Amino acid sequence: MSFLGLRKWPTPILKPLWPFMVAGTVTGYLILKAQESGIRSAEWRNDPRNPYAAELAKEALH
């Protein structure tokens, strides 16, 4: 019997959702790495639209 819609045992939340959390983390990491490699590519390194162009120019000097 439930009291005000509450069950006797709590519903598990993290246990059934862990594969989605892992997949989201892996997807985020892969997107981050793809973005970094795209920013640092030779085609976009000297493009004025690149927000990291100044940082890349400093790295190239060292």
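The following exchange examines a predicted model of a protein chain.

Visitor: How many helices does the protein chain have?
Guide: The secondary structure of this predicted model contains zero strands. Helix α1 covers residues 14-39, and helix α2 covers residues 53-61. The count of helices in the chain is therefore two.

Visitor: What is the radius of gyration of the protein chain, and is the chain compact or spread out?
Guide: The C-alpha trace spans about 70 × 20 × 20 Å along its principal axes. For 62 residues the globule rule gives 11 Å, and the chain lies well over that value, so it is more spread out than a compact globule. The radius of gyration is 23 Å.

Visitor: Which percentage of the residues is buried?
Guide: A residue counts as buried when its relative accessible area is under 20%. Asp-47, with a relative accessible area of 13%, is buried. Of the 62 residues in the chain, the buried ones make up 6%.

Visitor: What share of the exposed area do carbon and sulfur atoms supply?
Guide: The protein chain exposes about 6100 Å². The part of this area supplied by carbon and sulfur atoms is 68%.

Visitor: Which residues make the nonpolar surface patch, and what is its area?
Guide: One of the contributors is Trp-18, a residue of helix α1. Trp-18 has a relative accessible area of 53%, so it is exposed. The patch also includes Val-22, Val-26, Tyr-29, Leu-30 and Leu-32. Together with Trp-18, these residues make a nonpolar patch of about 620 Å².

Visitor: Is Phe-20 buried or exposed?
Guide: Phe-20 lies in helix α1. A residue is exposed when its relative accessible area is over 50%. Because its relative accessibility is 61%, Phe-20 counts as exposed.

Visitor: How many ångströms separate the C-alpha atoms of Phe-20 and Asp-47?
Guide: Phe-20 belongs to helix α1, and Asp-47 is 27 residues away from Phe-20 along the chain. The two C-alpha atoms are separated by 37 Å.

Visitor: How far apart are the C-alpha atoms of Ser-37 and Trp-18?
Guide: Both residues are in helix α1, as is stated for Ser-37 and for Trp-18. Ser-37 is partly exposed, with a relative accessible area of 49%, whereas Trp-18 is exposed. Along the chain the two are 19 residues apart, and their C-alpha atoms are separated by 29 Å.

Visitor: What distance separates the C-alpha atoms of Gly-38 and Pro-48?
Guide: Gly-38 is found in helix α1 and is partly exposed, with a relative accessible area of 32%. Pro-48 is ten residues from Gly-38 along the chain. The C-alpha separation of the pair is 14 Å.

Visitor: How far apart are the centres of the positive and negative side chains?
Guide: The chain has 8 positive side chains and 5 negative ones. The centres of these two sets lie 19 Å apart.

Visitor: Which residue forms a salt bridge with Lys-33?
Guide: The structure holds three salt bridges. In the one that involves Lys-33, the partner is three residues away in helix α1, so about one helical turn separates the two. Lys-33 is partly exposed at 38% relative accessible area, and its partner is partly exposed at 34%. The N to O distance is 3.6 Å, and the partner is Glu-36.

Visitor: Which residue forms a salt bridge with Arg-40?
Guide: Arg-40, partly exposed at 41% relative accessibility, lies in the loop between α1 and α2. Its partner lies in helix α2, so the pair ties together parts that are 19 residues apart in sequence. The partner is partly exposed as well, with a relative accessible area of 43%. The closest N and O atoms are 2.9 Å apart, and the partner is Glu-59.

Visitor: Which residue forms a salt bridge with Arg-49?
Guide: Arg-49 counts as exposed at 64% relative accessibility, whereas its partner is buried, with a relative accessible area of 13%. The closest N and O atoms of the pair are 3.0 Å apart. The partner of Arg-49 is Asp-47.

Technical notes: Residues are numbered from 1 along each chain as its sequence is written. This is a predicted model: local features need pLDDT of at least 70, side-chain atom pairs count only at pLDDT 80 or more; totals for chains, interfaces and linings use all residues. Side-chain values use heavy atoms; hydrogens and water are left out. Patches are made of residues with over 30% relative accessible area and no salt bridge: like charges are joined within 9 Å, nonpolar side chains (Val, Leu, Ile, Met, Phe, Trp, Tyr) within 5 Å. Accessible areas come from the Shrake-Rupley method with a 1.4 Å probe; for residues, only the protein chains shown count as cover. A salt bridge is a side-chain nitrogen of Lys or Arg within 4 Å of a carboxyl oxygen of Asp or Glu. Helices (H or I, at least four residues) and strands (E, at least two) are DSSP runs, numbered from the N terminus. Buried means under 20% relative accessible area, exposed over 50%, partly exposed in between (1.4 Å probe, protein chains only). The radius of gyration is taken over C-alpha atoms; the globule rule is 2.2 Å times the number of residues to the power 0.38. Lys and Arg count as positive and Asp and Glu as negative; His and the chain ends are not counted. The place of a charge is taken as NZ of Lys, CZ of Arg, CG of Asp or CD of Glu.
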